[in-house]
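Visitor: I am new to this structure, and I would like to understand the reasons behind the words used for it. Could you take me through them with care?

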Amino acid sequence: MNTSFLLPLLLIACSSTLQAQTTNLTEQQRRDISAVIDQYSLAREKSDTVLLKKILTKDIDHLVSNGEWRSGIRQAVEGMVASSAATPGTRKLTIHNIRLLTSNAATVVCRYEIANDDG
């Protein structure tokens, strides 16, 4: 038997069964995730570094729209505060999709809008 063919086949079989598993989102999980998104929006709007440090992981990797990578909590928070100062306004994040990866990890797709006084 050709073992070089068997390994890719096993990897494909394993990955397809992992992708087929679904974790249903409970209403409590939806509320909890929405609360974190709301906290993030408020922290950015108010440049609240204490709240940002509370809700972000210490080993955060943050890729921003201009292509800059911010690695670690210090770079991420400093960059977020600087960005919020440069672009003042009311921040609104609208959740479009939540996908649970495990029972305690999820990806959340949001629309991020900033409304400022001058329109």
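Guide: Let us begin at one pair of residues in this predicted model: Thr102 stands opposite Ala105, which belongs to β4.

Visitor: What makes β3 and strand β4 a pair?

Guide: Two strands pair if at least two bridges are found between them, and β3 and strand β4 (residues 105–115) have 11 bridges in the antiparallel sense, so they are called a pair. With two residues between them, β3 and β4 form a hairpin.

Visitor: Where do these strands come in the order of elements?

Guide: The protein has four helices and four strands, and from the N terminus on these elements run α-α-α-β-β-α-β-β.

Visitor: Why is a set of residues here called a nonpolar core?

Guide: The name is for buried residues of kinds such as Leu, Ile, Val, Met and Tyr, joined through side-chain atoms within 4.5 Å. The largest such core has 14 residues, and Tyr40, Leu52, Leu56, Ile60, Val77 and Met80 touch the most other members; as core members they are therefore buried, which means under 20% relative accessible area. At least two residues of this core come from each of α2 (27–46), α3 (49–55), α4 (72–86) and β3 (90–102). In soluble globular proteins, nonpolar side chains tend to be buried together.

Visitor: Which residues is Tyr40 in contact with, leaving aside its neighbours within four places in sequence?

Guide: Tyr40 is then in contact with Leu52, Ile55, Met80, Leu93 and Tyr112, and because contact means heavy atoms within 4.5 Å, each of these five has a heavy atom within that distance of Tyr40.

Definitions and conventions. Residues are numbered from 1 along each chain as its sequence is written. This is a predicted model: local features need pLDDT of at least 70, side-chain atom pairs count only at pLDDT 80 or more; totals for chains, interfaces and linings use all residues. Side-chain values use heavy atoms; hydrogens and water are left out. Buried means under 20% relative accessible area, exposed over 50%, partly exposed in between (1.4 Å probe, protein chains only).
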